[in-house]
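Here is a short briefing on one structure. Please look it over before reading the points below.

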Amino acid sequence: MDSHIKSPPTRRLSTGERENAIDRTIPLFPPAIEIDEHNYFDNNEPPEYLEDMICCAQEFVSFHENNRVVLVTSGGTTVPLENQTVRFIDNFSAGTRGATSAEYFLENGYAVIFLHRQFSLLPYSRHYSHSTNCFLDFMEENDGKVLVDPKYQQEMLSVLRKYQTAKDNNLLLLLPFTTINQYLHTLRALSVALQPLKSRALFYLAAAVSDFFVPLHRIPEHKIQSKAGGNKLVMNLDPVPKFLNRLVDKWAPGAMIISFKLETDSSILLSKAKQALERYSHQLVIGNLLQTRKREVVFVEPDAPVLWIRLTPEQEAAGVDIESLIIPAVVERHSAWIRESDNSV
Ligand SMILES: CC(C)(COP(=O)(O)O)[C@@H](O)C(=O)NCCC(=O)N[C@@H](CSSC[C@H](N)C(=O)O)C(=O)O
């Protein structure tokens, strides 16, 4: 057996077959009605760990009371179909955008609260994860010891030093979520914890957030049974409350808020991003297409022309992170936001 048989190149396995897609432009689906925040939070309990988690966040915020702190959300939220969850609806996100952005915020002097989908990519360790770029491929045995292959020393040393600097200076707080309910309760509680920072707080909402969910009072306790001979599973999902306008209007007064708009149809990306900005009146929507998200994004902001940020073919070939272009542009806007807020006091 040839031990050098290569595994096939990693490719995204979750691409659908275009010809099988249904056309959702046909109005077969009634528009979801919006349920309000109180109705949601009053009827869907917070995670039991929330208080402890918020204590850590409050300590982190007071430690950084004179710094800029960014809350980066990353990864996809799940919608459990059973309380003893066997099946769930997931939102696509590997966590690359959030984890990479967090590294560049740290390099730009921010303290980072990283609210992430549990087991999704993390800042720094994303370079050598268990699957892509497996860390074991960078090691070798020598005289009974495990060593880093000399070819990768410099690169790994650079990542290790940045990771240790962030840890040693208490600059990175990692907080996990899995379900949409955990995400919403944690986001609301963290927003309140960040209020003392006023304009120096920045929200960078890169998580892929569910739009529909099964409310607690309708979720079955145990695994849904499939009967011999087959039975349909008809799901009745409620819309997730439009939490973004609560964040802007109430939870995070004074903070700068950036959301991401994810589309797969390029013909609606700009209009949907502009619609989100008009609907929530926050400061910036970063639009991106699933297919090209690693090489281009578009900034949609009030009173300014749209701004495309793209990697050149050379940058793409050299493995440049598009976040190395996105984050400085975000920092520039956050600096202006802080100046305007200070001048308006
Ligand atoms: C998820 C990705 C594409 C990154 O991918 P990975 O690098 O693989 O992690 C991210 O860039 C992104 O667009 N994130 C935002 C995706 C998203 O769900 N955005 C929501 C807006 S925020 S959720 C807000 C809620 N729907 C509401 O209206 O209140 C949307 O497009 O609708």
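Which atom of the ligand does a polar side-chain atom of Lys261 approach, and at what distance? The partner is an oxygen atom of the ligand, and the distance is 2.9 Å. The protein covers 94% of the 730 Å² of accessible area that the ligand has on its own. Keep in mind that this is a predicted model. The points below take the ligand site, the salt bridges, a surface patch and one buried acid in turn.

**Ligand shell**

- The ligand is surrounded by 20 residues.
- The closest of these are Ser93, Gly95, Asp211, Tyr280 and Asn288.
- By class, the shell holds eleven nonpolar, four polar and five charged residues.
- Three elements each supply at least two shell residues: helix 3 (96-107), helix 6 (243-251) and strand 11 (256-263).
- Strand 11 gives the most, with three residues.

**Polar contacts to the ligand**

- Gly95 uses its backbone: a polar atom there is 2.8 Å from an oxygen atom of the ligand.
- Ala206 also uses its backbone, where an N or O atom lies 2.9 Å from a nitrogen atom of the ligand.
- Lys261 uses its side chain, with a polar atom 2.9 Å from a ligand oxygen.

**Salt bridges between separate elements**

- The count of salt bridges comes to eleven.
- Arg117 pairs with Asp90, and their closest N and O atoms are 2.8 Å apart.
- Arg117 sits in strand 4 (residues 111-117) and Asp90 in strand 3 (residues 88-90), so this pair ties together parts that are 27 residues apart in sequence.
- Arg117 is buried, at 15% relative accessible area.
- Asp90 is partly exposed, at 39% relative accessibility.
- Glu103 pairs with Arg126, again with closest N and O atoms 2.8 Å apart.
- Glu103 belongs to helix 3, while Arg126 is in the loop between strand 4 and strand 5 (139-142), so the pair links parts that are 23 residues apart in sequence.
- Glu103 counts as buried because its relative accessibility is 6%, under the 20% limit.
- Arg126 is buried as well, at 14% relative accessibility.

**A further pair and a network**

- Lys151 forms a salt bridge with Asp149, and the closest N and O atoms are 3.2 Å apart.
- Lys151 is exposed, with a relative accessible area of 64%.
- Asp149 is buried, at 12% relative accessibility.
- Glu103, Arg126 and Asp321 are joined into one network by salt bridges that share partners.

**Nonpolar surface patch**

- Which residues form a nonpolar patch on the surface? They are Phe135, Leu136, Met139 and Val146.
- Together these residues have about 370 Å² of accessible area.
- Val146 lies in strand 6 (residues 145-148).
- Is Val146 buried or exposed? Val146 counts as exposed because its relative accessibility is 62%, over the 50% limit.

**Asp238**

- Asp238 is found in strand 10 (residues 238-239).
- Asp238 is buried, with a relative accessible area of 18%.
- Asp238 and Glu37 are 201 residues apart in sequence. In space, their C-alpha atoms are 13 Å apart.

Conventions:
Residues numbered from 1 in each chain as written. Predicted model: local features only at pLDDT ≥ 70, side-chain atom pairs only at ≥ 80, totals over all residues. Heavy atoms only, no water. Patch = residues over 30% accessible without salt bridge, like charges linked within 9 Å, V, L, I, M, F, W, Y side chains within 5 Å. Areas by Shrake-Rupley, 256 points an atom, 1.4 Å probe, with all protein chains shown as cover. Salt bridge = Lys/Arg side-chain N within 4 Å of Asp/Glu carboxyl O. Helix = DSSP H or I, 4+ residues; strand = E, 2+ residues; numbered from the N terminus. Buried < 20%, exposed > 50% of the residue type's maximum accessible area, 1.4 Å probe, protein only. Near = heavy atom within 4 Å. Polar contact = N/O pair within 3.5 Å; in protein donor to acceptor, adjacent residues only side chain to side chain. Nonpolar A, V, L, I, M, F, W, Y, C, P; charged D, E, K, R; others polar.
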